[in-house]
Amino acid sequence: MQLVVGRIAKAHGIAGEVSVDIRTDDPDHRYAPGASLDTDPPERGPLVIQRTRWHSGRLLVRFEN
């Protein structure tokens, strides 16, 4: 079963971070460094989280290359 945990909203700055519209009640667990997220379409992923941080109430995520 797949579960939607967020949607990439837009790029943030020049360091490769994106803001994420959160769709989960436990973002600290779902977006932990090293976590792997499937994508829609599947050809774009999976995305592996490198680091996260909160900025002005939004979650910023950087994915591994």
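A polar contact is a pair of N or O atoms within 3.5 Å; within protein, one of the two must be able to donate a hydrogen and the other to accept it, and residues adjacent in sequence count only if both atoms are side-chain atoms. With that in hand, let us start in a loop. The side chain of Thr39 has a polar atom 2.8 Å from the backbone oxygen of Pro41, and the Thr39 side chain also reaches the backbone nitrogen of Gly45 at 3.0 Å.

A word on what you are looking at: this is a predicted model, in which local features need pLDDT of at least 70 and side-chain atom pairs count only at pLDDT 80 or more, while totals for chains, interfaces and linings use all residues. Residues are numbered from 1 along each chain as its sequence is written, and side-chain values use heavy atoms, with hydrogens and water left out.

**The sheet**

Strands here (E, at least two residues), like helices (H or I, at least four), are DSSP runs numbered from the N terminus. Two strands pair if DSSP finds at least two bridges between them. An open sheet of 5 strands runs in the order S1-S2-S5-S4-S3, with antiparallel pairing. Strand S1 (6-12) and S3 stand at its edges with a single partner strand each, so one side of each has no neighbour in the sheet.

At one edge, S1 and S2 pair in the antiparallel sense over 6 bridges, and Lys10 stands opposite Ser19 in S2. These two strands form a hairpin with 4 residues between them, and Gly13 in the turn has a positive phi of about 70 degrees. At the other edge, S3 and S4 pair, again antiparallel, over 2 bridges; Leu37 has Leu47 in S4 as its bridge partner.

**The loop between S3 and S4**

Thr39 lies in this loop, as does Pro41, between strand S3 (36-37) and strand S4 (47-55). Pro46 and Pro42 are found there too. Which peptide bonds here are cis? One joins Asp40 and Pro41, and another runs from Gly45 to Pro46.

| Cis peptide bond | Omega |
|---|---|
| Asp40 to Pro41 | about 15 degrees |
| Gly45 to Pro46 | near 5 degrees |

Is Thr39 buried or exposed? Buried means under 20% relative accessible area, exposed means over 50%, and partly exposed lies in between (1.4 Å probe, protein chains only). Thr39 counts as buried because its relative accessibility is 19%. Pro42, by contrast, is exposed, with a relative accessible area of 59%. Contact means heavy atoms within 4.5 Å, and Thr39 touches Arg44, Gly45 and Leu47, leaving aside residues up to four places away in sequence. The C-alpha atoms of Pro42 and His12 are separated by 24 Å, with their positions 30 residues apart along the chain counted as the distance apart.

**Asp21 and Ser56**

Asp21 is found in strand S2 (residues 17-22). This residue is buried, with a relative accessible area of 19%. Its side chain makes a polar contact with the side chain of Arg58 at 2.3 Å. Beyond residues up to four places away in sequence, Asp21 touches Gly6, Arg7, Ala9 and Arg58.

Ser56 sits in the loop between S4 and strand S5 (58-63). How accessible is Ser56? The residue is exposed, with a relative accessible area of 67%. Its phi is near 50 degrees, a positive value in a residue other than glycine.
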